[in-house]
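Reader: I'd like a close look at one part of this protein, the strand in the middle of things and what surrounds it. Could you walk me through it in plain words?

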Amino acid sequence: TVMFTDFAGFSTISRHMAAADVVAALNDYFSVLVPIVQEHGGFVDKYIGDAIVGVFGAPVHVPDHADRAIQCAVRMQQRMRELNAERRAAGQVIFEMRIGLNTGEVVVGAIGCDAKLEYTVIGEPTNLANRMEGGAPVGHIMANAATMAAINPLGFAALGVRKVPREVKVKGYAEPMWCAELRVDELAIERTSEARADGSFYRYSAVT
């Protein structure tokens, strides 16, 4: 199972920050999020700017990789709520995150040349995990049908998240794809193009 995370509106928000402050903010978030991936048996493949690419089930195989990935994603979003409350109280810039998950067969190993090799995952499921992230609601999770089919239903029910089935048109695919929004709470987060009065680039409301 492959995980992509991304901070919604990162490019817009970071334009209003000094480069050193952007780096400090990313380090603050990554120092909280990366250990959560590791605690759930995931492998952090790489950073792509503000994105984290995580892999569950490789390089060490675990049969419950889909369960671990969803549990990890839920905990990451919960921890984002906590961290952002701390950063708001300290007058610091905040980011909100989307997470996408997909499960499938990939090639895992070293890619590159003698001058530079990189351990990574290659294959359609990786690209589709990225597409799931792009379609996820801000502050929540989008999982492909393959991931949902691979999980333990009892373990998923214990997480207490709300599953919202959706058919999504995915770039590069002719037919709409069945996915599931996994909402960790009833908070709706909307990215704004300009800073609000409190300095935030997000608008918050309750889902009814």
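Author: Let's start with a term: buried means under 20% relative accessible area, exposed means over 50%, and partly exposed is in between, using a 1.4 Å probe and protein chains only. N102 is buried, because its relative accessible area is 2%. Before going on, note that this is a predicted model, where local features need pLDDT of at least 70, side-chain atom pairs count only at pLDDT 80 or more, and totals for chains, interfaces and linings use all residues. Residues are numbered from 1 along each chain as its sequence is written, and side-chain values use heavy atoms, with hydrogens and water left out.

So where does N102 sit? N102 belongs to strand β4; helices (H or I, at least four residues) and strands (E, at least two) are DSSP runs, numbered from the N terminus. The side chain of N102 reaches the backbone oxygen of P125 at 3.1 Å, which fits a polar contact: a pair of N or O atoms within 3.5 Å, where within protein one must be able to donate a hydrogen and the other to accept it, and residues adjacent in sequence count only if both atoms are side-chain atoms. Contact in the broader sense means heavy atoms within 4.5 Å. Leaving out residues up to four places away in sequence, N102 touches T1, V2, P125, L128, A129, N144, A146 and T147.

Next door is L101. Setting aside its neighbours within four places in sequence, L101 has contacts that include V2, M3, A69, I70, A73, M132, I141 and M142. L101 is also one of the residues, with F7, M76 and F95, that touch the most other members of the largest nonpolar core, which has 46 residues. Such a core is a set of buried Ala, Val, Leu, Ile, Met, Phe, Trp, Tyr and Cys residues joined through side-chain atoms within 4.5 Å. Elements giving two or more residues to this core include β1 (2-7), α3 (65-89) and β4 (97-102), but the largest share, 10 residues, comes from α2.

Now the sheet. Seven strands form an open sheet in the order β2-β3-β1-β4-β7-β9-β8, with mixed pairing; two strands pair if DSSP finds at least two bridges between them. The edge strands, each pairing on one side only, are β2 (43-48) and β8 (162-168). On average, neighbouring strands are turned by 20 degrees against each other, direction ignored. Axes here are lines fitted to C-alpha atoms, for helices over the stretch in contact, and angles run from 0 to 180 degrees between N-to-C directions.

As for helices, α3 lies across β1, β4, β7 and β9, running at about 180 degrees to β4. A69 is in α3, and A69 counts as buried because its relative accessible area is 0%. Not counting residues up to four places away in sequence, A69 touches T1, M3, F56 and L101, so the helix meets the strand residue we just looked at.

Past the end of the strand, things open up. E105 lies in the loop between β4 and β5 (107-113), and E105 counts as exposed because its relative accessibility is 75%. In space, E105 and G123 are 7.4 Å apart, C-alpha to C-alpha, while 18 residues separate them in sequence.
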